[in-house]
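Let us walk through this structure, beginning with one pair of strands and moving on from there to a sheet and to the nonpolar cores.

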Amino acid sequence: MPNAEPFRSMTEAAPPSPPSDVRHSHQVPDFMHMLVDHVPAMLAYWGADLRCRFANKAYKTWFGVDPAGLIGTHIKDLLGPELFALNEPYIRGALRGEEQLFERVVPGKDGVQRHSLATYIPDMVDGKAVGFMSHVTEVTKLKEAEAALRAQVAEREHAYECLRQSETALREAQQLGQIGSWELDLDTNAPRWSDEMYRIFGLDPSQPLPPYTERAHLYPPESWARLTRQIEHTTRTGEPYLIELAYFKPGGGIGWVEARGMAVRNPQGHIFKLAGTLMEVTERHHVEEARVQRDVALAANRNKTMLLSRVSHELRTPLNGIMGYAQLNLMQPGLDATQRQRNEIILQCGQHMVELVDDMLDLSGAELGRITVQRAALDLAPLVEASLLHFGPLADAMRVELVNRLVPHEAFHAMADPMRAQQVINHLVSNAIKYNRPEGRVTVSAHRSDTHIDIRVEDTGVGLTAQQLARLFTPFDRLGAEATSVEGTGVGLALSKVLVDLMGGELLVESQPGKGSAFTLRLARSAATNH
């Protein structure tokens with residue numbers, strides 16, 4: 001953890017340093033501005049000096065500040081001393097390069113208290129956090145509505161039980177369930193309300209009920225017009241109605257009721273009375289609103305995945321050009337050592353980008369349901385041998401010993417897709433090498449049971465904590481390795497997990513900090529001969 005003195009200096013009113021890279025707001029493309037400005041969550045970028053580099057329009061809704069005017073503002077000036085003190089430990093963590101996720105109640109300009117879920121994502125350059133991105137989403141309605149729905153369901157169940165008993169129980173049930181009943185005599189225009197009807201609208205049951213035409217003040221104009229049309233239609237045709245209406249709550253604000261009505265006929269078939277119920281459903285209405293918001297968020301995530309897939313496709317063409325020209329340059333005679341080294345670096349970086357693009361395409365394809373696997377009887381032993389041979393030079397360069405514990409010429413047949421199984425094994429072996437220690441060891445073994453085949457890859461690296469294991473298969477989360485010199489994107493294990501699931505298998509992990517990790521690819525055993 002950094003000492004306290006450098007961190008306190010970040011709160012001083014030093015002038016903000018000018019933007020220097022494409023992360024800063026004045027270089028963000030217009031369409032990206034439009035995209036993030038339509039996101040209801042707050043999105044912002046804060047530099048290491050805790051001054052704003054970018055903020056979307058949600059800051060106007062939450063804090064009442066102009067996002068353009070927020071540029072250069074210290075985060076403490078936006079949050080205020082109390083809220084800043086609560087968030088300071090998470091800011092510290094982000095500037096150490098650790099992604100932060102926490103909940104907070106954020107006071108708004110209109111006096112509301114927003115329950116929010118905040119994420120601080122470090123911006124790492126050369127292993128150092130130069131700032132962090134903040135993403136703050138309001139979850140107040142969802143939390144409150146879900147809790148209210150559970151309470152409401154319990155109350156409704158109790159109310160319905162009481163309805164099957166006495167008249168006294170009926171009145172209690174109406175109060176518990178907030179369900180009022182009413183009747184209207186069409187000959188005399190005389191209404192009759194249950195006690196709960198009075199309670200819902202905040203009227204005194206000891207006072208005469210106003211005539212129907214004078215009850216318009218109980219509803220907003222649009223709801224009153226809808227109710228009037230439905231009653232007229234039922235009176236004329238005898239057809240029942242079921243509608244949801246807004247109403248003015250006694251304590252202030254807008255509530256929602258579910259209104260039901262039906263026609264009652266005399267023995268001659270003439271409609272002489274209307275009857276119905278009115279149920280208070282404000283909490284249910286909020287739950288449905290929250291569900292809609294959740295569906296919108298899921299749709300937005302799907303759009304993100306589609307965008308990722310499209311961008312990855314578009315990257316292939318320039319990458320092919322870069323690698324092609326680097327290869328042509330290496331074929332030129334007369335290159336000196338420096339020129340050759342530079343072209344080899346270009347080619348190496350291009351190959352790394354191609355592998356990243358391939359992984360991103362596979363990951364986005366899996367999320368969109370576009371990846372299929374062909375499961376067939378497959379001997380996994382040759383795949384292990386091919387992977388160890390391919391990554392032998394990497395192991396030598398990193399001074400890591402590769403140990404193959406598979407018995408020569410022994411088959412391990414499993415139900416798998418050949419290409420995807422090889423892809424998963426490659427990810428496990430390369431990770432075991434890259435995240436190992438000098439003079440470390442990677443051991444690959446195979447085991448069979450009556451139902452499955454296990455390929456186990458063990459390393460002698462630093463191991464993983466319980467917190468890291470909980471985030472292990474999260475895409476783009478490198479569990480702190482971004483602060484090291486080890487190359488990676490955080491996509492490989494997430495993609496491997498998806499591919500193994502598609503093949504009907506399991507990807508298991510055991511790890512102890514300081515002792516290393518063991519990843520096991522478990523696939524169903526095939527009916528082929530496994531001796």
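Tyrosine 45 has phenylalanine 54, in β2, as its bridge partner. The model is a predicted one, in which local features need pLDDT of at least 70 and side-chain atom pairs count only at pLDDT 80 or more, while totals for chains, interfaces and linings use all residues. Residues are numbered from 1 along each chain as its sequence is written, and side-chain values use heavy atoms, with hydrogens and water left out.

Strand β1 (residues 42-47) runs antiparallel to β2 (residues 52-55), and three bridges join them; strands pair here if DSSP finds at least two bridges between them, and the elements themselves are DSSP runs numbered from the N terminus, with helices (H or I) of at least four residues and strands (E) of at least two. The two strands form a hairpin with four residues between them, and leucine 50 in the turn has a positive phi of about 65°.

An open sheet of five strands follows the order β7-β6-β10-β9-β8, with antiparallel pairing. Its edge strands, each pairing on one side only, are β7 (190-193) and β8 (241-248). On average, and with direction ignored, neighbouring strands of this sheet are turned by 25° against each other, where axes are lines fitted to C-alpha atoms, for helices over the stretch in contact, and angles run from 0 to 180 degrees between N-to-C directions. Within the sheet, nine bridges join β9 (residues 254-265) to the antiparallel β10 (residues 271-280), and glutamate 258 stands opposite methionine 279 of β10. Helix α9 (residues 221-237) packs on the sheet and touches β8, β9 and β10, its direction making about 150° with that of β8; contact means heavy atoms within 4.5 Å.

The largest nonpolar core has 40 residues, of which Leu380, Leu428, Val444 and Leu521 touch the most other members. Such a core is a set of buried Ala, Val, Leu, Ile, Met, Phe, Trp, Tyr and Cys residues joined through side-chain atoms within 4.5 Å, and buried means under 20% relative accessible area, exposed over 50% and partly exposed in between (1.4 Å probe, protein chains only). Helix α14 (418-434) is among the elements that each supply at least two residues of this core, and its seven residues are the largest share. Neighbours within four places in sequence aside, leucine 380 is in contact with Phe412, Ala414, Ala421, Ile453, Ile455 and Leu523. Apart from this core lies another, of 25 residues, including Leu50 and Trp62.
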